Amino acid sequence: PLLIDLKQLADQGYLGPADLADTPDFPQSHVDFGGVIPWKKQLLLNAYNNFSNVASTEARNEFDEFCRQHDDRWLEDYALFMAIKGNFGEQAWPTWPKEYRQRDSKAIADIRLELIKTINAYKFQQHMFFKQWLMLKAYANDRGVRIMGDIPIYVTHDSADVWSNQELFLLD
């Protein structure tokens, strides 16, 4: 999500001029991740809130289709994981209360209802990233540039993948 182009979100009407005019004076010599991350996360949340209020029917349908295509495969678990992680102060999932660590169905259903707006905001971020990535890839491909991805060589313990598929990992 930190790679999402905010100007494109503004062009779509999901961020206003005031959002981008209030950019902190970040250093030019290096990336100040400690400053950039919270600033950009807030802007992405603002963009989701604006999307919820002003998106066209076409844009909403496109988002809904993205969710339908990806929810069962990874999106729902990722968004739920990130929302719960934020709810617990960004702590690693093994430190969460037992019912959330072990994905107790009642506890998960309850917190899903409580955090639905945040869950949908994470889904929106993934949707925007995918859209922008596909545009960039098409631009490169049209110019004869092939982009090759990579495959991760490991999955980090504190991840949606491990939390949602604990039976696949040696966690003891």
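User: What makes up the contacts in this protein between residues at least 6 apart in sequence, and how many of them join residues at least 24 apart?

Analyst: In this predicted model, 71% of the contacts between residues at least 6 apart in sequence join residues that are at least 24 apart, a contact being a pair with heavy atoms within 4.5 Å.

User: What is the secondary structure of the protein, and in which order do the elements run?

Analyst: The protein comes to 8 helices and 0 strands, so that from the N terminus on the order reads α-α-α-α-α-α-α-α. The C-alpha trace spans about 45 × 40 × 35 Å along its principal axes, and buried residues account for 31% of the 172 residues.

User: Why is D19 said to have no salt bridge?

Analyst: A salt bridge requires a side-chain nitrogen of Lys or Arg within 4 Å of a carboxyl oxygen of Asp or Glu. For D19, which is buried, the nearest side chain of opposite charge is K117, and because K117 is 13 Å away, D19 has no salt bridge.

User: What makes the approach of the D19 side chain to G16 a polar contact?

Analyst: The side chain of D19, a residue of helix 2 (residues 17–21), reaches the backbone nitrogen of G16 at 2.8 Å. The cut-off for a pair of N or O atoms is 3.5 Å, and therefore the 2.8 Å between D19 and G16 falls within it.

User: Which residues does D19 touch, not counting those up to four places away in sequence?

Analyst: Leaving out residues up to four places away in sequence, D19 touches L43, N46 and N50.

How values were computed:
Residues are numbered from 1 along each chain as its sequence is written. This is a predicted model: local features need pLDDT of at least 70, side-chain atom pairs count only at pLDDT 80 or more; totals for chains, interfaces and linings use all residues. Side-chain values use heavy atoms; hydrogens and water are left out. Helices (H or I, at least four residues) and strands (E, at least two) are DSSP runs, numbered from the N terminus. Buried means under 20% relative accessible area, exposed over 50%, partly exposed in between (1.4 Å probe, protein chains only). Lys and Arg count as positive and Asp and Glu as negative; His and the chain ends are not counted. A polar contact is a pair of N or O atoms within 3.5 Å; within protein, one must be able to donate a hydrogen and the other to accept it, and residues adjacent in sequence count only if both atoms are side-chain atoms.
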